[in-house]
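Student: I would like a close look at one part of this model, with the side chains placed in context. Please take a single helix and its surroundings, and then say how far the rest can be read.

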Amino acid sequence: TSMSFASTSDEKDFHELLVLLENKKAVDVVTHADHIWKELVEKQNSILDSLTDVYDTSAIGNIQRTLGHSKNMLRVLQALTHSLEERTMSFERRMARAGIKNGIGILPFDIISKILANSRPTFKEAVGLSHVNSQFRQAMLSSPVIWSSYGLHTYMSSEQIASLASRIGARSLTARISSERGIEEWEKRVDLILSLNMRLKKLEIEDLDNSSASFLQTNHSKLHMPVLEDLAISYHGFSHLVHFYASWSLESVTRLEVTDFIPMPIFGRHLSYCHLKFTRTFTVESLADFITGLPSLKTLKIELVDIDGSSDDEDEDEDMDVDDEGDAGLGISSITCYSFSVIGQTSISFARRVLIAIHPPNVAEMSFSIVYPSREDFEDDQDAWWRRNSLLTPVRQFSKLKILNLHFSGPDSKYSLVFSTILLRMPHGLESIRLEAPGHRLDMYWLDDADDYETPRLHTLRFSNCDGMQCSFLEEVRKDLLEDSVQIEKLEVIGCPFVKEEKLRAAFPTTELVWVA
């Protein structure tokens, strides 16, 4: 609207171009533009012919008008070119999509099915793929394996849960129930998921609060899950425990993760993996008896979190031995991988009782984790510090232990972590120690009774995230171990800022070194 035109015909030509552009008639636009350009050239030639008389004022006026007309036409042609470029690109994209769609359309059905089965799309993407064309829809709806990778969840609508269960067909299902009572129709969704109990292969019930657990206890206290292999149940904070699953039939479960577990006969003899987290005291002997009766158990993880042991005797003898390994039951003897964690304010005496009662004699690899409580608890209580570290003493009885993963974490302490006392508590056949101790200073000195113990025949040492460790400490370790004829074959130092690679290689000239800043 701000453009000026040399004549009414020019303005008419310009508006005709705009109409053609709006109607997306690219061919007509090009033809009309050629006509306008031809007229412009003819006008310019006519004006040049009239320039024979340099004083012809009409010729000068014509030149000025022609220049203005040329500028206007240049704007028109630029707009026309830009529009044609966009329409060409759009046309190419449409043709490409059409080509892909037509190309997919001629693929054999079994090829499409295999492509989709290996595409691993999200649930939303899978629904979108089923709407590409009739072949895709047929392939998606006739391939339960595609949908079986998706689990049912209470965040889904009831319609989505029913649709997914239908698309999976007769295959087994996985499901997750979250304690989100704020979700509308939560109870209806839980009912729908658990109504598929005969097909559930994996079930995770997480972060249960009191009302959610009570709902399950009231409405689903008896369920038969003949194909369920993986069961995980966790509670929110310190909710009042409701063991709603006490009467479920779970004879096929092989993997179990439960918070504040109570031994129950509902679990068959097929359990091979147990991860048990406790936030309150329990009967240690009952747990030991339960584990003893699991002949297929290979991996056991126990976490003790802030368990109050005010009634326990903290002065219990730290050197008390575990029971004779010859009395170990089938479940204890079958365990080869063991993880034991003591977290926060857990009673040291109670933790030792658990560790002594449950001591797999054939375990080859063990992870031992101590997470200290707040700094104030140890600031003026060195005895509490030593008692907590003395938890390692029973590990000495694990005669077949080869690999020990140690993790110490919590607030920085003014007391040292004495590596030599750790070594004295290890079985003689131990070959590898992997230590992670952020915020702790490491020292190496021997106590008065060190001569009463044998140093393990270590081959490999690994220190990771030991930000309080100095290279001098490692030199002392090597010196003391060499005195006992122990040659470290491999040393790994990862994420220890005060240990420099050059000094490390100088101190361990014959050892295979792995150093990562």
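Tutor: What follows starts at helix α10, moves outward through its neighbours, and ends with confidence.

The model is predicted. Helix α10 covers residues 210–219, and its buried residues are S212, A213, F215 and L216. Seen down the axis of α10, these buried residues fall within an arc of 155 degrees, so they line one face of the helix. An α-helix has 3.6 residues a turn, so residues three or four places apart point the same way. The cover over the buried residues of α10 includes α9 (186–194), β3 and β4 (230–235).

Strand β3 is the next element to look at. I205 is found in β3. With a relative accessible area of 1%, I205 counts as buried. Leaving aside neighbours within four places in sequence, I205 is in contact with I177, L216, A232, I233, S234, F244 and W248. Among these, L216 is one of the buried residues of α10. The C-alpha atoms of I205 and A175 are separated by 8.5 Å, while the two residues are 30 residues apart along the chain.

Strand β3 (residues 200–208) also holds D207. D207 is not a glycine, yet its phi is positive, at about 55 degrees. D207 is partly exposed, with a relative accessible area of 38%. A positive phi of near 50 degrees also occurs at D260, again a residue other than glycine. D260 sits in the loop between β5 (255–259) and β6 (273–278). There the relative accessible area is 4%, so D260 is buried.

F244, one of the contacts of I205, leads to the aromatic residues. The count of aromatic pairs comes to 12. One of them joins F244 and Y245 edge-to-face, with 5.5 Å from centre to centre and 85 degrees between the planes. Both F244 and Y245 are buried. The rings of Y338 and F398 form another pair, which is stacked because their centres are 6.2 Å apart and their planes are at 5 degrees. Y338 lies in strand β8 (residues 337–343) and F398 in the loop between α15 (382–389) and β10 (403–409), so this pair ties together parts that are 60 residues apart in sequence. Y338 is buried, as is F398. Ring pairs also link Y338, F340, F368 and F398 into a cluster.

Two arginines lie over ring faces. R255 lies over the face of Y273, at 3.8 Å from the ring centre. For R478, the ring is that of F508, and the distance from the ring centre is 5.9 Å.

Helix α11 can be read in the way used for α10. In α11 (residues 284–292), the buried residues are V284, L287, A288, F290 and I291. These cover an arc of only 160 degrees around the axis, which puts them on the same side of α11.

Cysteines are a separate matter. A search of the whole structure finds 0 disulfides. The sulfur of C466 has its closest cysteine sulfur in C496, 4.7 Å away, which is too far for a bond; a disulfide is counted here within 2.5 Å. C466 is buried, with a relative accessible area of 0%. C496 is buried as well, at 4%.

Finally, confidence. The chain has a mean pLDDT of 77, and 68% of its residues reach 70 or more. Confidence is highest in strand β7 (residues 299–305), at a mean of 95, and lowest in helix α14 (residues 376–379), at 48. Over residues 1–6 the pLDDT stays under 50, and the model gives this stretch 10 contacts beyond four places in sequence. Residues 311–329 also have a pLDDT below 50, with 38 contacts in the model beyond near neighbours in sequence. Where pLDDT is low, the predicted coordinates should not be read in detail.

How values were computed. Residues are numbered from 1 along each chain as its sequence is written. This is a predicted model: local features need pLDDT of at least 70, side-chain atom pairs count only at pLDDT 80 or more; totals for chains, interfaces and linings use all residues. Side-chain values use heavy atoms; hydrogens and water are left out. pLDDT is the predictor's confidence in each residue, from 0 to 100. Helices (H or I, at least four residues) and strands (E, at least two) are DSSP runs, numbered from the N terminus. Contact means heavy atoms within 4.5 Å. Buried means under 20% relative accessible area, exposed over 50%, partly exposed in between (1.4 Å probe, protein chains only). Rings of Phe, Tyr and Trp (its six-membered ring) pair if their centres lie within 6.5 Å; planes under 30 degrees apart count as stacked, over 60 as edge-to-face and the rest as tilted. A charge sits over a ring if NZ of Lys or CZ of Arg is within 6 Å of the ring centre and within 35 degrees of the ring normal. The arc is that of the directions from the helix axis to the C-beta atoms.
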